[in-house]
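Visitor: I am new to this structure. Please give me a close look at a single part and what surrounds that part.

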Amino acid sequence: MFKGLGNLGNIASMMGSFQKLPEKMQQLNDQMKVATVTGTASETDVTVLMNGLGHVQSVQIRGEYSSEVIEISVLEATNEAGAAAKQMYADGISQMVADMDINIPGLDGILANLTGGG
């Protein structure tokens with residue numbers, strides 16, 4: 001479509017992709033609302049289910065523990081699930097950008113900061 005225009009063709013193509021970005025982000029958010037991750041405490045049978053947007057869906061506590069152990073376990077499981085949700089969302093953004101063939105300088109660094117890897 002834009003052959004022979006050199007960089008202008010690339011810019012025009014990229015602008016077309018950027019116009020689709022809000023719709024693609026909405027689709028990604030809709031996917032993340034139903035996608036789930038779990039986090040489990042290492043010393044207890046406490047599991048947190050969270051969606052890809054980081055909203056806790058359920059907390060399961062199996063067994064009898066002191067309130068202090070439960071508090072620590074819920075925090076641990078929630079943090080683990082939250083990290084998994086952030087990673088899933090970052091992976092979704094990376095895939096969306098790759099599918100749209102958009103080169104966003106610094107995106108890897110932004111996503112690394114999102115997931116705590118930066």
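Visitor: What gives the most to the nonpolar patch?

Guide: Strand β3 does, with 3 residues. One caution before we go on: this is a predicted model.

Start with the patch itself. Its members are Val56, Val59, Ile61, Tyr65 and Val69. Together they make a nonpolar surface of about 360 Å². Strand β3 runs over residues 56-62. Val56, one of the patch residues, sits in that strand. Val56 is partly exposed, at 44% relative accessible area. A patch residue must have over 30%, so Val56 clears that cut-off.

Now look at the partner of β3. Strand β2, residues 45-51, runs antiparallel to β3, and 6 bridges join the two. One opposite pair is Thr47 in β2 and Gln60 in β3. The two strands form a hairpin with 4 residues between them. In that hairpin, Gly54 takes a positive phi near 90°.

A salt bridge also links these strands. Arg62 and Asp45 meet through their side chains, N to O, at 3.9 Å. Arg62 lies in β3 and Asp45 in β2, so the pair ties together parts that are 17 residues apart in sequence. Why can such side chains pair? Side chains of opposite charge can do so when their charged atoms come close. Both ends of this bridge are partly exposed: Arg62 has 46% relative accessibility, and Asp45 has 32%.

Strand β2 has a second neighbour. Strand β1, residues 36-40, pairs with β2 in the antiparallel sense over 5 bridges. A hairpin of 4 residues joins β1 to β2. Here Thr47 appears again: Thr40 stands opposite Thr47. On the β3 side, Thr47 stands opposite Gln60. So β2 pairs with β1 and with β3.

Is β2 enclosed or open? Of its 7 residues, 5 are buried, so the strand is largely enclosed by the rest of the structure.

Asn51 shows that well. This residue lies in β2. Its relative accessible area is 5%, so it counts as buried. Leaving out residues up to four places away in sequence, Asn51 touches Met32, Lys33, Ala35, Thr36, Gln57 and Ala85. Take Ala85 from that list. Asn51 and Ala85 are 34 residues apart in sequence, yet 6.8 Å apart in space, C-alpha to C-alpha.

The side chain of Asn51 also makes polar contacts. One reaches the backbone nitrogen of Leu53 at 2.9 Å. Another involves Lys33: its backbone oxygen lies 3.4 Å from a polar atom of the Asn51 side chain.

Follow Lys33 one step further. Lys33 forms a salt bridge with Asp30, and the closest N and O atoms are 3.9 Å apart. Both residues lie in helix α1, which covers residues 7-34. They are 3 residues apart, about one turn of the helix. Each is partly exposed: Asp30 has a relative accessible area of 38%, and Lys33 has 47%. The structure holds 2 salt bridges. You have now met Asp30 with Lys33, and Arg62 with Asp45.

Now put the route together. Strand β3 gives the most to the nonpolar patch. Its antiparallel partner is β2, which is largely enclosed. In β2, Asn51 touches Lys33, a residue of helix α1.

Terms used: Residues numbered from 1 in each chain as written. Predicted model: local features only at pLDDT ≥ 70, side-chain atom pairs only at ≥ 80, totals over all residues. Heavy atoms only, no water. Salt bridge = Lys/Arg side-chain N within 4 Å of Asp/Glu carboxyl O. Buried < 20%, exposed > 50% of the residue type's maximum accessible area, 1.4 Å probe, protein only. Patch = residues over 30% accessible without salt bridge, like charges linked within 9 Å, V, L, I, M, F, W, Y side chains within 5 Å. Areas by Shrake-Rupley, 256 points an atom, 1.4 Å probe, with all protein chains shown as cover. Contact = heavy atoms within 4.5 Å. Polar contact = N/O pair within 3.5 Å; in protein donor to acceptor, adjacent residues only side chain to side chain. Pairing = 2+ DSSP bridges.
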